[in-house]
Amino acid sequence: MTQMTKVETTLKDWETDQEVRWCPGCGDYAILKAVQRTLPQLGADPSNTVFISGIGCSSRFPYYMETYGFHTIHGRAPAVATGVKLANPDLDVWLVTGDGDGLSIGGNHLMHVLRRNVNMQIMLFNNEIYGLTKGQASPTSRVDTRSPSTPLGSVDRPANPCAFALGSGARFVARGFDVSKKLPEVLIAAHAHQGAAFIEIFQNCIVYNKDVFDAFAAPKGADDRQLWLEDGEPMLFGSEKTGGIKGLRLNPQSFALEVVDVADDDWQAAGVLVHNAKNRTLAHMLVELPFGAFPMPMGVIYDDPAPTYEAAVMDEKRRASEGKEASLAKLLAKGQTWTVSGTAQDPV
């Protein structure tokens, strides 16, 4: 987390005078309010905060935050955000991207900001579609998705954003969804993390991919379809009203996760795993779980801090300059030099 002096603000301090222009009912509205409500809880300072985005519906975000901001070009927000952080490591940097912006043209840049572990919060809005450009299939669109670019149904296997983040070396990976009351908790945990904090946020595109996440995000029956992870707590889901409490255990023969019933609240007897957010192997298993046979893992999946990129760069800069005089003139004159004499009339 960026070391900062906490200030007192309210939601209003983070709202701009700009008209918020997303489609009525878009999940981006809920994410915007979640962020604006969370920042006062963090004691964040608008004058020390920067929101940086690429291209897409999600990338309008900086216009609606009363902070510094950059609306950059397609897929390059991670590169710009890295530059901002290196120029002023004390800034609190938030990167906003989408499944198309971040995982298609921007996949290369997103990979490097994660592997370098640049200290920032990365929110990837995943609506499984290109919304701004009128509903084409995106890198996360499911097989058989019908769209203007895939009228007979997509044949591509979708990318898994959290698996991508872990494979790129991310030290913090989390999930939430737009209208979840627990999304602020995820944002707070991401902000507390030292390094690149990656949050996949499922977001409903009301026009081109409406209710695609209802299977796990709809309020009715959510207890059975969502697994909210908490470090040090058993992996339990379900309720007595909807078929009983269940949990995840590790099958010792297959070394794979499986769903088990929990009788009389005795999750230990059922062999239910306790979540360890520092266990990278467990994180990989959780993000790859197929929804349907398993609930959708939510919350903080992986959180294991490591030294940040900008700290290493600043330390290297300090060591390189120790005992040296800052003189541009001496630097230019260093090494071999030549003196050019003569006039334009002299023969060549």
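Which side chains meet in a salt bridge at 2.2 Å, N to O? You will find the answer in the second close-up below; please keep in mind throughout that this is a predicted model.

**Figure 1. An open sheet of 8 strands, with helices packed on it.** The strands follow the order 2-1-3-4-6-5-11-7, and their pairing is mixed. At the edges sit strand 2 (68-71) and strand 7 (226-229), each of which pairs on one side only. From one strand to its neighbour in this sheet, the average turn is 20°, direction ignored. Look next at strand 4 (residues 120-126) and strand 6 (residues 196-202): they run parallel and are joined by 7 bridges. Within this pairing, Gln-121 has Ala-197 of strand 6 as its bridge partner. Helix 4 (residues 107-116) packs on the sheet, where it touches strand 4 and strand 6, and its direction makes about 145° with that of strand 4. Helix 6 (residues 183-192) lies across several strands, including strand 3 (92-98), strand 5 (172-177) and strand 11 (296-303). The angle between helix 6 and strand 5 is about 160°.

**Figure 2. The salt bridge between Arg-249 and Glu-258.** Here is the pair from the opening question: the side chains of Arg-249 and Glu-258 meet with 2.2 Å from N to O. Arg-249 is partly exposed, because its relative accessible area is 22%. Glu-258 also counts as partly exposed, at 22% relative accessibility. In the model, the count of salt bridges comes to 11.

**Figure 3. A salt bridge between two strands, formed by Arg-175 and Glu-200.** The closest N and O atoms of Arg-175 and Glu-200 are 3.0 Å apart. Arg-175 belongs to strand 5 and Glu-200 to strand 6, so the pair, 25 residues apart, links distant parts of the chain. Are these two residues buried or exposed? Both Arg-175 and Glu-200 are buried.

**Figure 4. A network of salt bridges around helix 10.** The network links Asp-315, Arg-318, Arg-319 and Glu-322. Within it, the side chains of Arg-319 and Asp-315 meet at 3.0 Å, N to O. These two residues are 4 apart in helix 10 (residues 309-321), which means that about one helical turn separates them. Arg-319 counts as partly exposed at 48% relative accessibility, and Asp-315 is partly exposed at 30%.

**Figure 5. Ser-59, a buried loop residue.** Ser-59 sits in the loop between strand 1 (49-53) and strand 2. Its relative accessible area is 0%, so Ser-59 is buried. Leaving aside residues up to four places away in sequence, Ser-59 touches Ser-53, Gly-54, His-71, Val-96 and Asp-101.

**Figure 6. His-109 in helix 4 and the residues it touches.** Back in helix 4, we meet His-109, which counts as partly exposed at 22% relative accessibility. What does His-109 touch, not counting residues up to four places away in sequence? The residues are Gly-75, Arg-76, Pro-78 and Ala-79. Pro-78 and His-109 are 31 residues apart in sequence, and their C-alpha atoms are 5.8 Å apart in space.

**Figure 7. A nonpolar surface patch with Leu-332.** Three leucines, Leu-328, Leu-331 and Leu-332, form this patch and together have about 360 Å² of accessible area. Leu-332 lies in helix 11 (residues 328-333). With a relative accessible area of 64%, Leu-332 is exposed.

Key
Residues are numbered from 1 along each chain as its sequence is written. This is a predicted model: local features need pLDDT of at least 70, side-chain atom pairs count only at pLDDT 80 or more; totals for chains, interfaces and linings use all residues. Side-chain values use heavy atoms; hydrogens and water are left out. Patches are made of residues with over 30% relative accessible area and no salt bridge: like charges are joined within 9 Å, nonpolar side chains (Val, Leu, Ile, Met, Phe, Trp, Tyr) within 5 Å. Accessible areas come from the Shrake-Rupley method with a 1.4 Å probe; for residues, only the protein chains shown count as cover. A salt bridge is a side-chain nitrogen of Lys or Arg within 4 Å of a carboxyl oxygen of Asp or Glu. Buried means under 20% relative accessible area, exposed over 50%, partly exposed in between (1.4 Å probe, protein chains only). Two strands pair if DSSP finds at least two bridges between them. Axes are lines fitted to C-alpha atoms, for helices over the stretch in contact, and angles run from 0 to 180 degrees between N-to-C directions. Contact means heavy atoms within 4.5 Å.
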